[in-house]
Every structure is written in C-alpha cells, then in structure tokens.
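Here is a short report on a protein model. Please look over the sequence and structure before reading on.

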Amino acid sequence: ATDTVRFVIVGEGVRKAELQAQAERQKLENVLFLPYQPRQALAEMLAAADASLVTLNARSYDTSLPSKTFAIMSSARPILAITPADSEIAHLLERHGCGFNVPPDAPDRLAALIEKLAAGDYPLQQIGAAGREVLIKEYSRQVCTAAFERLISKAVYGPGQDDE
C-alpha cells in the first residue's frame, strides 16, 4: 500500500511565499513548510526523510555541486536531483547509484518517479547506503586532503615526484 507522500520544504528561499500560496490554492495537505533550521538540526532532518531533493537550474548546473549533496550522502538517504542530464550531480548519481536525476522541465517524469519511490519500487536503504559508502571512500576529509596534497606536490615538484 502506498502511503501519502509528504513534502517538507525547509528554509526561507526566495520562492517560499509563492510556493505557500500555490499549496494553499490547491489545498495541498501533504506539503509542510518549516522555517530555516539551525545547522545542528540538519542531520536529524535529513535522517527523517526517505529521500532529499537537490535542484540546479540551467544557468548553474555546469559550475556547481551543492554542498547539501554531501550532507544527504552522509545521511545515507537517496538524492532526488532535478538537474540537466550532463550536470556533475547527475553523473555522480549515475556513477555511484546513490540517487535519481530528473531533468528540469519534466514534471511528468518527476511525478512518475515519486510515485515509484512511494510504492517501494526501489530499495531506498541500499541506494542511500551506496551514497554514504562513496562519500566515505571518495569524498572524506582524509581522501580530499590527500588528493589536495598530491596536487600541491605536483605543482611544486612536477609530475611523478609523489606517485605511489
């Protein structure tokens, strides 16, 4: 049985009032708007979700990878991204199987995906765990620091000086 899908929108984004008005006009009872939450509440909020949303518009998709991407991966929850197919986040999700990407301006595809997620058509725990695993293996502070040190070493000493 499919439970009601609940959308929780957190923060004070520029379109919040517009979204609230639209939800009221359509009498949507499954949309909850919360004010900005302190950073200390982030882990708990992400853990309460079955999946978390990341969006990028066509103007910023090729130069941006929102930091909340990594916070979601840390929470072991799948990412639902709305970005162009050639964005870095879409590649990340495809490469590691840690979420889903829907291109902007494809609301029917987004709705169909949300229905499948709610129906249990995907193993959300496994998908979320894949994100956490890749975060630890490829994006942890230790891994990133070591990569940065290698980059600096190559810049200072030239290629081949620190190869392992």
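## Cysteines

The closest cysteine sulfur to that of Cys98 is in Cys144, 15 Å away, which is too far for a bond. The model is a predicted one. Seen from the other side, the sulfur of Cys144 has Cys98 as the closest cysteine, again at 15 Å and too far for a bond. A disulfide needs the two sulfur atoms within 2.5 Å. The structure therefore holds 0 disulfides.

How accessible are the two residues? Cys98 is buried, because its relative accessibility is 1%. Cys144 is at 37%, so this residue counts as partly exposed.

## A nonpolar surface patch

Five side chains build a nonpolar patch on the surface: Phe148, Leu151, Ile152, Val156 and Tyr157. The patch covers about 570 Å².

Leu151 is one of the residues that make this patch. Leu151 sits in helix H7, which spans residues 141–157. Its relative accessible area is 55%, so Leu151 is exposed. Patch residues must have over 30% relative accessible area, and Leu151, at 55%, fits that rule.

## Glu115 in helix H5

Helix H5 runs over residues 107–118 and includes Glu115. Is this glutamate buried or exposed? Glu115 counts as exposed, because its relative accessibility is 57%. The cut-off for exposed is over 50%.

Glu115 can also be placed relative to Glu24. In sequence, Glu115 and Glu24 are 91 residues apart. In space, their C-alpha atoms are 22 Å apart.

Key
Residues are numbered from 1 along each chain as its sequence is written. This is a predicted model: local features need pLDDT of at least 70, side-chain atom pairs count only at pLDDT 80 or more; totals for chains, interfaces and linings use all residues. Side-chain values use heavy atoms; hydrogens and water are left out. Patches are made of residues with over 30% relative accessible area and no salt bridge: like charges are joined within 9 Å, nonpolar side chains (Val, Leu, Ile, Met, Phe, Trp, Tyr) within 5 Å. Accessible areas come from the Shrake-Rupley method with a 1.4 Å probe; for residues, only the protein chains shown count as cover. A salt bridge is a side-chain nitrogen of Lys or Arg within 4 Å of a carboxyl oxygen of Asp or Glu. Helices (H or I, at least four residues) and strands (E, at least two) are DSSP runs, numbered from the N terminus. Buried means under 20% relative accessible area, exposed over 50%, partly exposed in between (1.4 Å probe, protein chains only).
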